[in-house]
Amino acid sequence: MSFRNIHAHGFVRIACAAPRLKVADPAFNVAETSAMLRRADEGGASLCLFPELGISAYAIDDLLQQNALLDAVNAALTRLVDESRSLRCVAVVGAPLRVEGRLFNCAVAIHRGRILAAVPKTYLPNYREFYERRQFASGERAGALYIDLCGQEVPFGTDILLAASDIPDLIVHMEICEDVWTPVPPSSYAALAGATLLLNLSASNVTIGKSDWRHALCKAHSGRCIAAYAYSAAGTGESTTDLAWDGQAMIYENGALLAEAERFAPEPQLILADIDLERLAMDRIRQNTFGDSADLNRDRLGFRRIAFALEPDRESDLGLAREVERFPFVPNDDARLNELCFEAYNIQSHGLRKRLESTRLDKVVIGVSGGLDSTQALIVAAHTFDALGLPRENILAYTLPAFATSKDTKDNAWRLMRALGVSAEEIDMTPACRQMLVDIGHPFAQGEPVYDITFENVQAGARTSVLFRLANRHNGLVMGTGDLSELALGWCTYGVGDHMSHYNVNGSVPKTLIQHLIRWVAQSGRFGAEASDVMLDILATEISPELVPGDGDKPAQKTEDFVGPYALQDFNLFYTTRYGFRPSKIAFLSEHAWRDAAAGDWPPNMEAAKRVAYDLPVIKRWLGVFIRRFFETSQFKRSAVPNGPKVSSGGSLSPRGDWRAPSDASAAPWLKDWERIPD
């Protein structure tokens, strides 16, 4: 199976069609259906959903009870069955069917010349503009388990799931229009019984505001069921004697909209989206209450599973019919980003506020380096103290230069502290660090330019040690500044180092988000123009630990030279911890997100210089670094992190929160899968 084929990574492509039709003309309607089915098949779709009663048309009232029409429907279905023999794609169409002296509004699934099943509608609306009980019987009253249809014995009933034998986790349920508008849709039980792809064949005439309600239903229902929900409503060609139709079609996955058709379009509409079946299956495993709900409703889950072999194309590069954001922690549009920044900033502030109230302390101690993380922590502290009515002078901020501190970062630290009006001091850590190097016999103390990990950690440890002693002296609380990305990569000095504090507001905020939080605060102007200016200057500074001496003005080290681009590592982190994806799948997604800098959307205000592309070899290289650092060498640090609020939707790495893992685990299974990624 090809690495770049979607089926190698747990995806399946589905389509929703809003075809053109003619009222009570099954021959025309099936010709249009067949043409759109072929388009879906050519687009790599494994299933194509059509509207309710699309073979006959929906709004034809008592014509549905005319034998001439029903005979024409059967003939049209027979034609579609014949034409499906050469196609990979499953067709799910709507048709009226006669069964045991009753008429049922049915969903009919057809694949490679076989009718897989016919599922009748359960809930028949008989209010306002709907009078379906005049023509149809409810599927709940159907007695037959099998029917003869187009010369085949076909499973029939509302208790049917279609299970692909060759696509893991592809289990399909069909319901019709009104079924999803009820308090407990039939698909709720189907999902608890294992269905991952829920289909709704709909007619649903359009009225003002109804589209938004349909979206709300599909979004919420897909989220509750941890499933994909595809919806296709009648459109062009339906009778407008008393009603109108917009052809709304949409595909949701666990609450996220993947694709939507143009409404009121004059031409037939076909939308495609790739459903992540692995992601759905893993989320169901994580959310244990989903399984609990299945246990409590066991008596309602007696579904028949009808097996079929999909036999999809497993070799071609079919592309990926879904958006993969480069920055999963950072939205791509202004409105969503503004809301996220507002929430994250206030979560951090409220966390600190509660900690100060509970400890009855009115001072904090913080080291300010002029870098991103300490900047974000300091502005959170300023906001918190304003909210508590405490003077900002109670924020005891210190810049702590040592051997490798650059002029630019120290200047920015001072500018920021002054602009915010906090108590600002400088303590030169060079003598203390030099003395420790002398005491332990380090070569640097004898004048040798040895800048090893001992040299680096002496500086990090000395800074943290003095902050804790300052907190003792002033009866304050040491604020941590390290972020989620550094914690994931183990890029922090353990214990008496930047790893430790009394409370860390940044502990579950990734580096890629911190940059946007600072910019959001700067652009708001809430701390004044001077503070905003220095924040923007800090954003333009290279990320560096500043532990190896440079030329004096600029940092000598670039963190990303050691641990990789934070943009890629935050991507790896999100999909590892939030969804438990294997490395090869993360690389597949990362390539689609990062291979073309000109494709897709970027977060607002992203600098042009940072709009870069990464090819698969680069992605693979840094993913290998992430795997080793995350799974094998850094967990002991995460097992002993200070308190701090969970902020990011991607989770936290606190052992009291989202992530619990042994410190002595092997990365072997992840590295073995990583080797599958092409070089």
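This passage describes the sheets, nonpolar cores, buried polar side chains and salt bridges of a predicted model.

An open sheet of five strands is found in the order S18-S17-S16-S19-S20, and its strands pair in parallel. The edges of this sheet are formed by strand S18 (423–426) and strand S20 (503–504), each of which pairs on one side only. Within the sheet, strand S16 (residues 364–367) is joined to strand S17 (residues 395–399) by four bridges in the parallel sense, and Val364 has Ile395 of S17 as its bridge partner. Helix H7 (residues 334–359) lies across S16, strand S19 (477–480) and S20, and runs at about 160° to S19.

A further strand pairing involves strand S1 (residues 11–18) and strand S14 (residues 269–276). In contrast to the parallel pairing of S16 with S17, S1 and S14 pair in the antiparallel sense, over eight bridges. Ala18 has Gln269 as its bridge partner in S14. Strand S14 is mostly covered, seven of its eight residues being buried.

The largest nonpolar core comprises 95 residues, among which Leu378 and Trp594 touch the most other members. A second core, separate from this one, contains 62 residues, including Val12, Cys16, Ile176 and Ala261. When neighbours within four places in sequence are left aside, the contacts of Trp594 include the aromatic residues Phe327, Phe571, Trp602 and Tyr614. Arg326, Ala567, Leu568, Val612, Ala613 and Ile619 are also in contact with Trp594.

Two polar residues located in helices illustrate how buried side chains are paired with backbone oxygens. Asn29 lies in helix H1 (residues 26–42) and counts as buried because its relative accessibility is 1%, where the cut-off is under 20%. A polar atom of the Asn29 side chain lies 2.9 Å from the backbone oxygen of Ile55. Ile55 is also among the residues that Asn29 touches beyond four places in sequence, together with Leu21, Lys22, Gly54, Ser56 and Ala57. Ser532, in turn, is placed in helix H14 and, at 8% relative accessibility, likewise counts as buried. The side chain of Ser532 reaches the backbone oxygen of Ala522 at 2.7 Å. With residues up to four places away in sequence not counted, Ser532 touches Val521, Ala522 and Gly525.

Helix H14 also contributes to the salt bridges of the model, which number 37. Asp537 forms a salt bridge with Arg415, with the closest N and O atoms 2.9 Å apart. This pair links distant parts of the chain, since Asp537 belongs to helix H14 (residues 529–539) and Arg415 to helix H9 (residues 407–420), with their positions 122 residues apart in the numbering. Both partners are partly exposed, Asp537 at 36% relative accessibility and Arg415 at 31%.

A salt bridge is likewise formed by Asp679 and Lys620, whose closest N and O atoms are 2.6 Å apart. Asp679 lies in the segment after helix H20 (668–674), whereas Lys620 lies in helix H18 (residues 616–633), and the two are 59 residues apart. The two partners of this pair contrast in their accessibility: Asp679 is exposed, with a relative accessible area of 75%, while Lys620 is buried, with a relative accessible area of 7%.

The side chains of Asp658 and Lys646 also meet in a salt bridge, at 2.9 Å from N to O. Asp658 and Lys646 are both placed in the loop between helix H19 (635–638) and H20, 12 residues apart. Asp658 counts as partly exposed at 41% relative accessibility, and Lys646 is also partly exposed, with a relative accessible area of 45%. Elsewhere, Asp276, Glu278, Arg582 and Lys585 are joined into one network by salt bridges that share partners.

Methods: Residues are numbered from 1 along each chain as its sequence is written. This is a predicted model: local features need pLDDT of at least 70, side-chain atom pairs count only at pLDDT 80 or more; totals for chains, interfaces and linings use all residues. Side-chain values use heavy atoms; hydrogens and water are left out. Two strands pair if DSSP finds at least two bridges between them. Contact means heavy atoms within 4.5 Å. Axes are lines fitted to C-alpha atoms, for helices over the stretch in contact, and angles run from 0 to 180 degrees between N-to-C directions. Buried means under 20% relative accessible area, exposed over 50%, partly exposed in between (1.4 Å probe, protein chains only). A polar contact is a pair of N or O atoms within 3.5 Å; within protein, one must be able to donate a hydrogen and the other to accept it, and residues adjacent in sequence count only if both atoms are side-chain atoms. A salt bridge is a side-chain nitrogen of Lys or Arg within 4 Å of a carboxyl oxygen of Asp or Glu. A nonpolar core is a set of buried Ala, Val, Leu, Ile, Met, Phe, Trp, Tyr and Cys residues joined through side-chain atoms within 4.5 Å.
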